[in-house]
Amino acid sequence: MGTAGKVIKCKAAVLWDQKKPFSIEEIEVAPPKTKEVRIKILATGICRTDDHVIKGTMVSKFPVIVGHEATGIVESIGEGVTTVKPGDKVIPLFLPQCRECNACRNPDGNLCIRSDITGRGVLADGTTRFTCKGKPVYHFMNTSTFTEYTVVDESSVAKIDDTAPPEKVCLIGCGFSTGYGAAVKTGKVKPGSTCVVFGLGGVGLSVIMGCKSAGASRIIGIDLNKDKFEKAMAVGATECISPKDSTKPISEVLSEMTDNNVGYTFEVIGRLDTMIDALASCHMNYGTSVVVGAPPSAKMLTYDPMLLITGRTWKGCVFGGLKSRDDVPKLVTEFLAKKFDLDQLITHVLPFKQINEGFELLNSGQRIGQG
């Protein structure tokens, strides 16, 4: 492309500080350095994790360009890049896969050492590629997709099928993969089992889709908002209940409903009390409970160890336990083969300039799929 090697001026949604709205600014995006890739963003989703930065519950440096769920086209590459080339359709990865660290080499690991979960806000060489009004602007989780162009390390990009619709497969960059993988990879749901999903937002719906794909015979959705039940049933839930409908603890309600046979539970809310409820709701001896929802920072969890001593398994997961560069292209291929339907996860499609409205919709409980 004619812009290779040059600074690109483009629009981006910049967060200048916590608890402030996004400001649409003109920024400068520097060319990619060695082992880096510059990407033209085609579509980006809005995820609750981005909102955590706005609210200050997730560590970040400011000013920052957030966003981590996107599809784009490679505009140019830095020296030494071998896995993608200009013109390739790609998904930026908030969870890198360097293929060299212990987590990447372990078949069960995926939390690459290059992950930016502490809010460093820079690329591998310790610097940023964004400037605005003469000031450096920080990156977010190796991706920064709320911009027309971004730069990522090669370990944070996956080449995907050129025919994939960007406004749909961008969800595979985070929300869908996190939920779907939690069921099929982390939970390892077995055919014929009974599963319970706490929280029926976009990630919770993706967990249901994963449970269904794994062959679960009964999938129970739980949410206080009954407006979410219809969509949960549409993607594979066999029934939905609200904890408000009984005075009994939800674990007792589920035990009675299933003849004490819940094999797997998934907490997809990020609340400490529901994490305990989910653990108590799976079978006391052979049940597995997976924590998927991001908990509030600086909060400690207190629980009765007897919940585990009887044999339960309690697990957490990052990106559904998936290896990002290996598994994202496979999921895109499976989507194109109609193995699952991402349309159910998309509620609104907005132009970039309405990004603040998108977050208002997210916080009102109306799940956003893409913007």
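Which strands and helix make a right-handed β-α-β unit? Strand 11, helix 6 (residues 229–235) and strand 12 do, and the close-ups below start with them. This is a predicted model, in which local features need pLDDT of at least 70, side-chain atom pairs count only at pLDDT 80 or more, and totals for chains, interfaces and linings use all residues. Residues are numbered from 1 along each chain as its sequence is written, and side-chain values use heavy atoms, with hydrogens and water left out.

**View 1. Strand 11 pairs with strand 10 and with strand 12.** Helices (H or I, at least four residues) and strands (E, at least two) are DSSP runs, numbered from the N terminus; two strands pair if DSSP finds at least two bridges between them. Strand 10 (residues 194–198) runs parallel to strand 11, with five bridges joining them; look for C195, whose bridge partner in strand 11 is I219. From strand 10 the chain passes through helix 5 to strand 11 in a right-handed β-α-β crossover (with the strands pointing away from the viewer, the path from the first strand over the helix to the second runs clockwise). Strand 12 (residues 239–241) is also parallel to strand 11, through three bridges, and there I220 has E239 as its bridge partner. Four of the five residues of strand 11 (residues 218–222) are buried, meaning under 20% relative accessible area with a 1.4 Å probe, protein chains only.

**View 2. F266 sits in the largest nonpolar core.** Such a core is a set of buried Ala, Val, Leu, Ile, Met, Phe, Trp, Tyr and Cys residues joined through side-chain atoms within 4.5 Å. This one holds 79 residues, and I172, F176 and F266 touch the most other members. Helix 5 (residues 202–213) gives the most to this core, with six residues. Beyond its neighbours within four places in sequence, F266 is in contact (heavy atoms within 4.5 Å) with residues including A182, V197, V207, C211 and V292.

**View 3. Five strands form an open antiparallel sheet.** Their order is 8-3-4-5-9. At the edges, strand 8 (149–153) and strand 9 (157–159) each pair on one side only. Neighbouring strands are turned by 45° against each other on average, direction ignored; axes are lines fitted to C-alpha atoms, for helices over the stretch in contact, and angles run from 0 to 180 degrees between N-to-C directions.

**View 4. Strand 5 meets strand 9.** Three bridges join strand 5 (residues 89–92) to strand 9 in the antiparallel sense, and P92 has V157 as its bridge partner in strand 9. Helix 10 (residues 324–336) packs on the sheet, touching both strand 5 and strand 9, and its direction makes about 40° with that of strand 9.

Key. Buried means under 20% relative accessible area, exposed over 50%, partly exposed in between (1.4 Å probe, protein chains only).
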